[in-house]
Amino acid sequence: MVSKVPTRGKLLYGGDYNPEQWLDRPDILAEDIRLMKEAHVNVVSMGIFSWASLEPSDGNYDFSWLKERIDSLYENGIYTILATPTGSRPAWLAKRYPEVLRVNDMGQKLLFGDRHNHCMTSPAYRKKTYEIDRRLSEAFGKHPGVIAWHINNEMGGECYCPLCREAFRNWLKDRYGCISNLNRAWNAAFWSHTFTSFEEIDPPMQIGETQLHGLKLDWKRFITERHKDFTEAEIRAVRDGGSDLPITMNLMYDYKGLDYQDFTDICDFMSWDNYPVWGKHGAEGNYDIAIDTAFDHDRVRSLQRKPYLMMESCPSATNWQSVSKLKEPGLLMAQELQAIAHGADGGLYFQMRQSRGASEKFHGALIDHYGKDDTRVFREAAETGRALECLSPVIGSEVKSRAAVIYDMQNRWAMEDAQGPRNAGLYYREACRKSYRAFREFGLNADLIDETQSLDGYRIVAAPMVYMFREGFADKLQAFVEKGGCLILTYWSGIVDDTDLCFLDGTPHDLVDVCGFRSTEIDGLYDEEWNEAVLRRPDLPECGELKEKTYRSRNLCEILELHGAEALLTYKKYFYRDTPAVTRNFYGKGRVYGIATDFDYDFYRDFYRGILKDLGKEPILKEIPSGLEVTEREGDDGRVYIFLISWKPEKVEVQLPEGAKVVYQNERVDVRKPDHSDKAGSSGRAIFSDYGCLVISL
Ligand code: GLA
Ligand code: ZN
C-alpha cells in the first residue's frame with residue numbers, strides 16, 4: 001500500500017474536536033478557530049461519536065452543522081480528518097433495534113450506555129452504519145477541507161450474542177472443514193471435550209468453557225476477524241459514497257484484544273492513541289516511560305513499515321488514569337517530538353476543547369474551561385505547534401531499521417493463556433522491551449515485527465519468548481541465519497504450533513541444529529527468588545562488554561543440553577548450576593545466541609553492545625549518555641535526520657557528528673561550536689536539560 005499520511009506539506013497538528021457540544025454558542029465556535037490558529041493547529045478530527053447529532057432520529061439525517069464547521073475550519077487553513085460516528089450509537093437506535101446491544105461473557109444482554117458497545121455482527125447495526133457512512137462520504141468525501149477517514153474509534157471488545165456465536169461456528173467450519181479436524185487441533189479428547197458437530201460449540205465464557213486453550217485462541221482470532229470484517233464494511237460504505245481519501249483506524253497502547261497486524265492491508269496508513277503514565281516515577285523517572293512509549297511508536301510504525309500518525313495524546317493530564325498527573329514544563333513538546341522521531345508524520349491531541357459535562361469534563365485539552373490562551377498548557381502547545389512547522393522537511397522520511405524484535409500478538413495470546421511454567425507472570429512485553437531497549441541504547445533503530453512479517457533487510461533479530469511457532473516461522477528463522485543473519489532466541493521458544501498443540505520432537509521446534517541446543521526443562525521461580533549467571537568466556541569479543549562477574553535473572557530458567565553450541569555464561573544456583581545460561585552457535589553464514597533465562601536489563605545492555613560491536617555496527621553517535629533518546633529518519637534523498645530527546649532531570653552532553661546541521665532545537669538545548677576540548681571530526685557539542693529536543697540533519 002503506497003498511500004501516505006495526508007500531510008498537505010505540514011506535519012499534522014491538532015486533534016479531536018467535538019463542536020456538536022457547542023452549537024448554541026457561536027461565540028465559542030468562532031473562538032475555537034481563533035485559538036487553534038494561534039496554536040498552529042492545521043487539522044482536527046471530527047465526527048467521532050457524533051451519530052446522535054448527525055441522525056437525530058431514524059432515517060432523518062442532519063449534516064448541516066458539520067458542513068458549517070468543516071467549511072469554516074477550511075477557510076481558516078484547518079483540515080478535517082472525518083470519522084465515521086460508529087464508535088457510539090444513539091439511544092433511539094438501541095431501543096429500536098435491540099439486537100445491536102452486546103451480550104457479555106456471563107450471557108447478559110447489556111443496556112444502552114457508554115460507548116464501543118455494539119455487536120459487530122448485528123445486521124441492523126451494519127445496515128445503519130452503512131447508511132450513515134455512505135451518506136457522510138457523499139456529503140464530504142470530495143470536500144477540499146477533508147483529508148482522510150478515521151474509521152470508528154479505538155475498536156475493541158467482544159460480544160457473545162446468538163448472532164456472534166453463530167458467526168463463530170461458521171468461521172470454525174471454514175477454518176477446519178470438518179469437526180474431526182477441529183477436535184484434533186484442540187486436542188479435545190482431553191476431559192471428554194470431543195465435539196460431534198459445530199453446533200455444539202460455544203465461545204469461551206465465564207459461565208462455560210474457560211480451559212480449552214485451542215478454543216480460546218481461535219475465539220480471539222475470530223474477534224479480530226469480526227472487527228476486520230466490520231471495518232471493511234465501513235470502508236466499503238465510504239468508497240460507495242464516492243470518496244477515495246486515505247483511510248486509517250486508531251489503535252491503542254498495548255491492546256491485547258485484537259491482532260492489529262491483520263488490519264494493515266485495509267488501512268492506507270496506521271495511527272494510534274498515546275497516553276503514557278508520565279510522572280509515575282520508577283527508578284529511572286520518565287526515561288523508563290519514554291522507552292515504553294517508544295516501543296509502541298515503533299510497533300505501530302512497523303505494522304506497515306512506513307510513516308504513521310499519532311492520532312491522540314493528551315496536552316495536559318488525562319482523567320482516567322489512577323492519578324491525573326500534570327505534565328512538567330517541556331514534557332508536552334518532548335512527547336510530540338518523540339512521535340515524529342519514531343516516524344509519525346503528525347502528532348494530534350484528544351482534545352481541542354474540554355467538555356462542560358459528562359465523563360471527560362476534566363480530561364486535558366488545548367482549550368480548557370477558562371477558555372483563553374494565557375494558560376501554561378496553551379502556551380506550550382503553541383510552542384510545540386511552531387516546532388512542528390520547523391520540522392516539515394522530515395515529512396515522508398522513513399525510519400530504516402537493521403535490527404528487529406519479534407513481538408507477536410497471537411503468540412502472546414497463546415502463551416499467556418497456557419497454564420505453563422509460571423502462572424504468576426511471564427513478562428512477555430517486558431522481555432521484548434529489554435531487547436528493544438538494548439538496540440535503542442546502542443543508537444540503532446529497531447522495528448517490532450510479528451512472525452508473519454519478512455526478515456529481509458535485517459542484520460540482527462531478537463526473538464524473545466516465541467512460545468508459538470506459527471506456520472513457516474522456524475523455516476524463516478533458519479533461512480535468516482543461514483544467509484548470515486544474527487539471531488537471538490530466548491527461553492520458552494518453539495514450544496507449540498498454531499493451534500497451541502505441543503511439538504513432540506524437541507524444542508525449540510525444528511531449530512535444535514540451528515541453535516545448537518535442545519531445551520530439556522524449564523524452572524519457574526517465585527517472585528522473591530533469583531538466579532545468577534557467571535561469565536565463562538571473557539575472551540570472546542561478544543562478551544567484551546560484560547562488565548559484571550555475574551548477572552541476575554528471574555522468573556524462568558530453562559535448562560539446555562548442548563548440541564554444538566558453546567556456553568558463554570552458566571547458571572550459578574540451584575541443581576542446574578554450571579549448566580548453560582547463554583550460548584553461541586554458528587550456522588550457515590550466521591549465528592545464534594541463546595538466552596535461557598529472564599535476565600535483568602543490565603545483562604541485555606552489556607551483551608547486545610558486545611554483539612553489535614562484534615558485528616561491526618557503528619551507531620551514528622558514538623557515545624549516547626543515559627537518558628538521551630536517539631532516533632533517525634532517512635529521506636528519499638538520503639538525508640538523515642537525527643532526533644535527540646533528553647528524558648532525564650540531570651544535564652547531559654553529547655558530541656555532534658561531523659557535518660551536522662541544526663534543523664530544530666528548543667530552548668532546553670545549548671548547542672556549542674567546536675572548540676579545542678572537542679573530539680576531532682565533531683561539529684560541536686549539545687548540552688541538554690530535561691526535555692531538551694534537538695533535531696539535526698546530515
Ligand atoms: C481514547 C478515546 C478518546 C478519549 C481519550 C481520553 O483515546 O479515543 O475518545 O476518550 O481516550 O484519553
Ligand atoms: Zn453479537
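## Reading this model

Helices (H or I, at least four residues) and strands (E, at least two) are DSSP runs, numbered from the N terminus. With that in hand, Lys-476 can be placed in helix H14, which spans residues 473-482. Lys-476 is partly exposed, at a relative accessible area of 22%; buried means under 20%, exposed over 50% and partly exposed in between, using a 1.4 Å probe and protein chains only. Glu-451 sits 25 residues from Lys-476 along the chain, and their C-alpha atoms are separated by 8.9 Å.

This is a predicted model, in which local features need pLDDT of at least 70 and side-chain atom pairs count only at pLDDT 80 or more, while totals for chains, interfaces and linings use all residues. Residues are numbered from 1 along each chain as its sequence is written, chains are lettered from A and ligands numbered from 1 in the order in which they are written, and side-chain values use heavy atoms, with hydrogens and water left out.

## The zinc site

Let's turn to the metal. Four cysteine sulfurs hold the zinc ion (ligand 2): the SG atoms of Cys-119, Cys-159, Cys-161 and Cys-164 are its protein donors, lying 2.3 Å from it. Donors here are N, O and S atoms within 2.8 Å of the metal (3.2 Å for Na, K and Ca), and since water is not among the atoms, sites may look incomplete. Along the chain, the donors follow the spacing C-x39-C-x1-C-x2-C. Cys-119 and Cys-159, 40 residues apart, link distant parts of the chain: Cys-119 is in the loop between helix H4 (91-96) and helix H5 (123-140), and Cys-159 is in the loop between strand E4 (146-150) and helix H6 (162-176). Both Cys-119 and Cys-159 are buried.

The angles among the 4 donor atoms run from 101 to 118 degrees, and the zinc site is tetrahedral; for four donors, that label requires all angles to lie between 85 and 135 degrees. As a reference, the ideal angle for four tetrahedral donors is 109.5 degrees.

## Around ligand 1

The residues around ligand 1 (those with a heavy atom within 4 Å of it) include Phe-49, Arg-115, Asp-273, Tyr-275, Glu-312 and Phe-350. Oxygen atoms of ligand 1 also make polar contacts, meaning pairs of N or O atoms within 3.5 Å. A polar side-chain atom of Asn-153 lies 2.9 Å from a ligand oxygen, the Glu-154 side chain places an N or O atom 2.6 Å from one, and for Trp-320 the distance is 2.7 Å. Taken alone, ligand 1 exposes 310 Å², and the protein buries 96% of that; these areas come from the Shrake-Rupley method with a 1.4 Å probe.

## The loop between E9 and H11

Gln-354 is found in the loop between strand E9 (344-349) and helix H11 (376-390). Gln-354 is buried, with a relative accessible area of 9%. Polar atoms of its side chain lie 3.0 Å from the backbone oxygen of His-363 and 3.1 Å from the backbone nitrogen of His-369.

Ser-359 lies in the loop between E9 and H11 too, but Ser-359 counts as exposed, at 65% relative accessibility.

## Two enclosed helices

Helix H8 (residues 213-240) has 21 of its 28 residues buried, so it is largely enclosed by the rest of the structure. Just after H8, Gly-242 takes a positive phi of about 100 degrees.

In helix H13, 13 of the 15 residues are buried, so H13 is also largely enclosed by the rest of the structure. Gly-443, just after H13, has a positive phi of about 95 degrees.

Conventions: Four donors count as tetrahedral if all angles lie between 85 and 135 degrees; four count as square planar and six as octahedral if opposite donors are over 155 degrees apart and all others between 65 and 115; anything else is irregular. A polar contact is a pair of N or O atoms within 3.5 Å; within protein, one must be able to donate a hydrogen and the other to accept it, and residues adjacent in sequence count only if both atoms are side-chain atoms.
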